[in-house]
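Morning, everyone. Let me put the structure up, and then I'll walk you through it.

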Amino acid sequence: MNLQLLVSGIAMGFIYAMVSMGMVLIFRAVNIVNFAQGEFLMFGGYLCYMFNRQLHLPIVPALLLAALAMGVVGVIFMFTSYWPLRNAQIRAIVVSAMGASIVFKEGARLIWGSIPVTVDRVVKGTAVIANTAVVQWQNIAIIGISFILILFVYLLLERTFIGHIMQATAQDRYMASLVGIPVVFSIALTFALSAMLTGIGGGLLAPLFFLNNTMGYTTNAKAFAAVVIGGFGSVPGAVIGGLLVGLIEAFGGAYISTTYQLVIIYVVLVFFLMFRPQGIFGTRIQEKA
Amino acid sequence: MLRVRNLVASYGYNQVLHGIDLDVGQDEIVTLIGSNGAGKTTLLNSISGHVKISGEIYYQDVNIAGKSPHAIARLGLLQVPEGRHVFPGLTVEENLAVGTVVNRGMRIRKGDLSQDLDFVYQIFPRLKERRKQLAWSLSGGEQQMLAIARALMGHPKLLLLDEPSMGLAPLIVEEVFERIVEINRLGTPVLLVEQNATMALRVSKRAYILERGRVKFSGDSKEVAQDERVREAYLGVIRR
């Protein structure tokens, strides 16, 4: 087993987990697969670049500010791309999200140009593990920070009252308004949370892979695969799916071909669709007549 | 406490309610009877702010027509909709806790709800046994009880019940109606929409008969139950 690959695969896996978990949060709230979720990663990365390299803030505050700014971006996205179309057909909203992803992509190009950029590492240097593997500290940092953030969001949803309110709104919007929940606020909160979680991933990823304004596209494809593999709508599933995608990509890239990384992921996806279409976790809730 | 005047509601070009007048007084159970498509649910959804309407709806002398659903809920008009609408992925107790948003607001921690929980568990002991269960796994009757209990958690000033008997076994229907009477006796007025006219007329004080979006007939429930036309059309009594 190649330890180096394992660590970088898990680190990438956690990045994808943050994207796919963000996707699932929005899916559960409004029943729409957000095909602009990958753009949140890209845009969050660029915001982090702005705070870190253009405004010369240290990386940790830059990440925090980028996350907060992404919360605002998430709310704006919700009010422009989803809310006006909430009663329209689902495909209209999917197309609107795709449109928004173009706005993000070209917006980033207008603001920050098309030359790939990077940000500071949270932890510099490399570590030697078990005398054989040279691992970048940034990978370890990604794993630690992402794990904490994912756990935080999960606990927020499952263990706090505001989380239960968001779940209730996601499960039955009509009823939520009848018990006095301001539905628009609850949904906006979900979008903000989703964009923050995914956006911070961009800032963590940037030191390893340069940021460019088109990276959202493949990220979307991988995160979508992760969501399906994990079990559509399941939060733990999205995390496990994300990790799997990261590992498949790392090992597939090293042992098979880097050109066909995405193809390999989709082969696994097709196998899941054939033999376990409900994904690893399946659905927890059934509808009773 | 609730006065509906000349209420008109339409879905697109389809006018559903053609000028409804209706009152619910303090402490009474008022029932609304009508066949499928008469506009009963539309009337409730109009009161709770889910349907665009013209006309006036006075609640404690304030016109609430045109207010948003959650604002109306926060005034204390709580609707238990047709088909129960429990939050399927939350447990019984989490469902009940969400019911307190209406009077305590959105918040990070739910706080101490033991008093409210004790109150509803006293009325619906079955829910206490099931309190850790996800709501989707409850039986239909239990879901109906949960839906009503969740509304009680918000200290309703007026309870709007839409077809609480739908899809339930007769014995369970009896039980649910007993609870509704009990809740009313504890001081909550109820506007009850029902297809089960026999039960509804038995527990209510006054009744309105709705036909194709108009109030056809209204009065004391006992008198309504004796009316020939009502007996024939809604109670299944055949005239000889």
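Start with two strands in chain B. Strand S1, residues 2-11, and strand S2, residues 14-24, pair in the antiparallel sense over eight bridges. Keep in mind that this is a predicted model.

To get the register, look at Ala9(B). It stands opposite Leu17(B) in S2(B). Now the turn. The hairpin of S1(B) and S2(B) has two residues between the strands. Gly12(B) takes a positive phi there, near 60 degrees.

S1(B) also pairs with strand S4 of chain B, residues 53-59. That pairing is antiparallel too, over six bridges. Here Leu2(B) stands opposite Tyr59(B) in S4(B). Stay on Tyr59(B), please. Tyr59(B) also stands opposite Val62(B) in S5(B). S4(B) and S5(B) pair in the antiparallel sense over two bridges.

Put the pieces together. Four strands of chain B form an open sheet, in the order S2-S1-S4-S5, with antiparallel pairing. Which strands stand at the edges? They are S2 and strand S5 of chain B, the latter being residues 62-63. Each has a single partner strand, so one side of each is left without a neighbour in the sheet.

A general point about strands. In a regular strand, side chains alternate between the two faces of the sheet.

Next, two residues worth a look. The first is Ser46(B), in helix H1 of chain B, residues 40-47. Is Ser46(B) buried or exposed? Its relative accessibility is 2%, and buried means under 20%, so Ser46(B) counts as buried. What does its side chain reach? The backbone oxygen of Thr42(B), at 2.6 Å. Now leave aside neighbours within four places in sequence. Ser46(B) is then in contact with Leu7(B), Ala9(B), Leu17(B), Val51(B), Ile53(B) and Ile57(B). You have met two of those already: Ala9(B) and Leu17(B) are the opposite pair from the hairpin strands.

The second is Val24(B), in strand S2 of chain B. At 1% relative accessibility, Val24(B) also counts as buried. Its contacts, not counting residues up to four places away in sequence, include Met1(B), Leu2(B) and Val30(B). Further along the chain, Val24(B) touches Leu158(B), Pro189(B), Val190(B), Leu191(B) and Arg206(B). Take that last one. Val24(B) and Arg206(B) are 182 residues apart along the chain. Their C-alpha atoms are separated by 8.9 Å.

Now the interface. How many residues of chain B are in contact with chain A? It is 36 residues of chain B, against 23 residues of chain A. The two chains bury about 2600 Å² between them. Of that area, 69% is on carbon and sulfur atoms. Three residues stand out. Phe87(B), Met106(B) and Trp136(B) supply 24% of the area that chain B buries against chain A, more than any other three residues.

What about salt bridges across this interface? The rule finds zero. Polar contacts do turn up: the count is nine residue pairs between chain B and chain A.

Which elements of chain B give two or more residues to this side? Helix H2 (69-74), strand S6 (77-80), helix H3 (92-98), helix H4 (101-104) and helix H7 (140-153). The largest share, four residues, comes from H2(B). By class, the side of chain B that touches chain A has 17 nonpolar, 12 polar and seven charged residues.

That's the tour. Over to you.

Methods: Residues are numbered from 1 along each chain as its sequence is written. Chains are lettered from A and ligands numbered from 1 in the order in which they are written. This is a predicted model: local features need pLDDT of at least 70, side-chain atom pairs count only at pLDDT 80 or more; totals for chains, interfaces and linings use all residues. Side-chain values use heavy atoms; hydrogens and water are left out. Contact means heavy atoms within 4.5 Å. Buried area is the accessible area (1.4 Å probe) that two parts lose on being put together, summed over both. A salt bridge is a side-chain nitrogen of Lys or Arg within 4 Å of a carboxyl oxygen of Asp or Glu. A polar contact is a pair of N or O atoms within 3.5 Å; within protein, one must be able to donate a hydrogen and the other to accept it, and residues adjacent in sequence count only if both atoms are side-chain atoms. Ala, Val, Leu, Ile, Met, Phe, Trp, Tyr, Cys and Pro count as nonpolar, Asp, Glu, Lys and Arg as charged, and the others, Gly among them, as polar. Two strands pair if DSSP finds at least two bridges between them. Buried means under 20% relative accessible area, exposed over 50%, partly exposed in between (1.4 Å probe, protein chains only).
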